[in-house]
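Here is a friendly walk through one protein structure. Keep the picture beside you and look for each residue as it comes up.

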Amino acid sequence: MAFLVRERDGSYGYGEMLKDMNRLQERYPFIQVDSIGRSVMGRPIPALRIGMGRKEIHCNGAFHANEWITTMLLMQFAEEYAGACSRQAAFGSFPAEELFGQTSLWLVPMVNPDGVELVHRGAAPEHPYYRQLLAWNGGSEDFSGWKANIRGVDLNDQFPAHWEAERERRAVAGPGPRDYGGVRPLSEPEAAAMAEFTRRHRFELVLAFHTQGKEIYWNYRNLEPRASEAIALRLERSSGYKAVKLGDSDAGYKDWFIQQFGRPGFTIEAGIGVNPLPLDQFPDMYEATAQVMTEALACLAEPQWEQDRDRE
């Protein structure tokens, strides 16, 4: 964990992530950094690419503001994977250079930068949304439990995968710390940027990292491909997280990906406890989630992958 830049209190926000991305590019010039769009408050939402292969895989973190520890998980993995590629070392069951040549790993470590900054730094009177944020937060200036973006919209309830059903199930009428899906699907620039980014690529598999529960959700309304359950069981064996067939959940990024593209999508609920999870969980969380990402890369690199995909 020494690679990561952190504040004195251990927090890891947007500025720390950008510093680490600059350090990664300086250390490993083969890493590509791009922006998929901007947040409500105009912050670029960065993406990292490691690898030159045609089989693309995507991982994202911090859809939910108080789950910012997932950004740390992805950034640490980027450093370790890039280091293995640079040294031409083994990475999981494959030489890293083989994975680099066959796959392209795209990471969006912080989907919700405005929300993460609100959790860490709160809202001062000069903040453009100060009055609304206080009202939406019940008058409290403690935003540590805030999940939504800066307009009080839950970004993982924003996708056009039975969005109306999720809105009815949540029964949240307006903006707030959590569970409000917005006025329509993809109304928020962060969610719209993620959808457009995904459409521009042909991701073979996606992993959305959240906290908490130590679970792997792999299905969506029986629309997932046949390979999804087998991959989920592989991820379970490698990480110790339980593969769960989930019901009564819609409008999430993983749900939309499965519905829209018919390819394997997974939500990884890292760690255990009450969000935001304490940093003393990071080592165990990283060990498990790194195994998930390594195993997912290995799945794509195996010759069997294309045979199984062609049979779908």
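## A helix, its end and its neighbours

Right after helix α9 comes Gly262, a residue with a positive phi near 65°. Keep in mind that this is a predicted model.

Now look at α9 itself, which spans residues 253-261. Which of its residues are buried? In α9 the buried ones are Tyr253, Lys254, Asp255, Trp256, Phe257 and Ile258. What do these buried residues pack against? Their partners are the strands β3 (55-60), β7, β8 and β10, together with helix α7 (189-200).

## Into the core

One of those partners, β10, covers residues 265-270. Try finding Phe266, which is among the residues with the most contacts inside the largest nonpolar core. That core has 74 residues, and Phe77, Tyr81, Leu205 and Leu207 are also listed with Phe266 for having the most contacts in it. Helix α10 (residues 282-301) contributes the most to this core, giving 13 residues. Another core lies apart from it and has 24 residues, including Ile45, Ala47, Val108 and Phe197.

What does Phe266 touch, leaving aside residues up to four places away in sequence? Among its contacts are Leu205, Val206, Leu207 and Ala208, as well as Ile216, Tyr217 and Trp218. Phe266 also touches Ser228, Ile231, Ala232 and Leu235. Another of its contacts is Lys254, one of the buried residues of α9.

## Unusual spots in the loops

Next, follow the backbone through some loops. Two peptide bonds to look for are listed here.

| Peptide bond | Form | Omega |
|---|---|---|
| Thr211 to Gln212 | cis | near 20° |
| Asn275 to Pro276 | cis | about -5° |

Where do they sit? Gln212 belongs to the loop between β7 (203-211) and β8 (215-217). Pro276 is in the loop that runs between β10 and α10.

Positive phi values turn up in loops too. Asn222 is not a glycine, yet its phi is positive, near 65°. You can find Asn222 in the loop between β8 and α8 (227-239). Is Asn222 buried or exposed? Its relative accessible area is 62%, so Asn222 counts as exposed.

Asp248 is another residue to find: its phi is positive, about 55°, although Asp248 is not a glycine. Asp248 lies in the loop between β9 (242-244) and α9. With a relative accessible area of 67%, Asp248 is exposed.

Key. Residues numbered from 1 in each chain as written. Predicted model: local features only at pLDDT ≥ 70, side-chain atom pairs only at ≥ 80, totals over all residues. Heavy atoms only, no water. Core = buried A, V, L, I, M, F, W, Y, C linked by side-chain atoms within 4.5 Å. Buried < 20%, exposed > 50% of the residue type's maximum accessible area, 1.4 Å probe, protein only. Helix = DSSP H or I, 4+ residues; strand = E, 2+ residues; numbered from the N terminus. Contact = heavy atoms within 4.5 Å.
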